[in-house]
Amino acid sequence: MRESNHGALAVGLLAICLLAVGVYSCAVNPVTGRSELALVSFSEEEEAALGAKAYTPAVQQQGGFYRDPALEEYVQSVGMRLARVSTGPTSTTGTGC
């Protein structure tokens, strides 16, 4: 009988932990306005800092910059069109790469 009490206690603790994680991680997506599960959340500043830190290693991992002026102009124009319709903070000045 004592073992069944331990099992019930373990199930109860697990349920409480899952409920706490569910309540804590429920966040409103600023783009869609819908509630979503967000186990990790960053401020806009933290997100920008993480992106800046990961930029150079990501470029190096993908073989560096592609030096074709026509292709660079096309990719830049696509990025600018996306930035204009983005709901988040954007910079249209580019990185000067």
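**Val40, a salt bridge and model confidence**

Val40 has a relative accessibility of 55%, so Val40 counts as exposed.

User: OK, and where does Val40 sit in the chain?

Analyst: Keep in mind that this is a predicted model. Two elements flank Val40: strand E2 covers 35-37 and helix H2 covers 44-61. Val40 lies between them, in the loop.

User: Which residues form the nonpolar surface patch, and about how much accessible area do they have together?

Analyst: Val40 is one of the members, and we've seen it's exposed at 55%. The others with it are Leu37, Leu39, Phe42 and Leu50. Taken together, the accessible area of the patch is about 540 Å².

User: Which residue forms a salt bridge with Glu72?

Analyst: Searching the whole structure turns up one salt bridge. Its closest N and O atoms are 3.8 Å apart, and the cut-off is 4 Å. On the Glu72 side, relative accessible area is 33%, so that residue is partly exposed. The partner counts as exposed at 59% relative accessibility, and it's Arg67.

User: In which helix is confidence highest?

Analyst: The chain average is a pLDDT of 77, with 79% of the residues scoring at least 70. Helix H1 (residues 2-25) is where confidence is lowest, with a mean of 72. At the other end, with 91, comes helix H3 (residues 69-85).

User: How many contacts beyond four places in sequence does the model have for residues 91-97?

Analyst: Over that stretch, pLDDT stays under 50. For residues 91-97, the number of such contacts in the model is five.

Methods. Residues numbered from 1 in each chain as written. Predicted model: local features only at pLDDT ≥ 70, side-chain atom pairs only at ≥ 80, totals over all residues. Heavy atoms only, no water. pLDDT = per-residue confidence, 0-100. Helix = DSSP H or I, 4+ residues; strand = E, 2+ residues; numbered from the N terminus. Contact = heavy atoms within 4.5 Å. Salt bridge = Lys/Arg side-chain N within 4 Å of Asp/Glu carboxyl O. Buried < 20%, exposed > 50% of the residue type's maximum accessible area, 1.4 Å probe, protein only. Patch = residues over 30% accessible without salt bridge, like charges linked within 9 Å, V, L, I, M, F, W, Y side chains within 5 Å. Areas by Shrake-Rupley, 256 points an atom, 1.4 Å probe, with all protein chains shown as cover.
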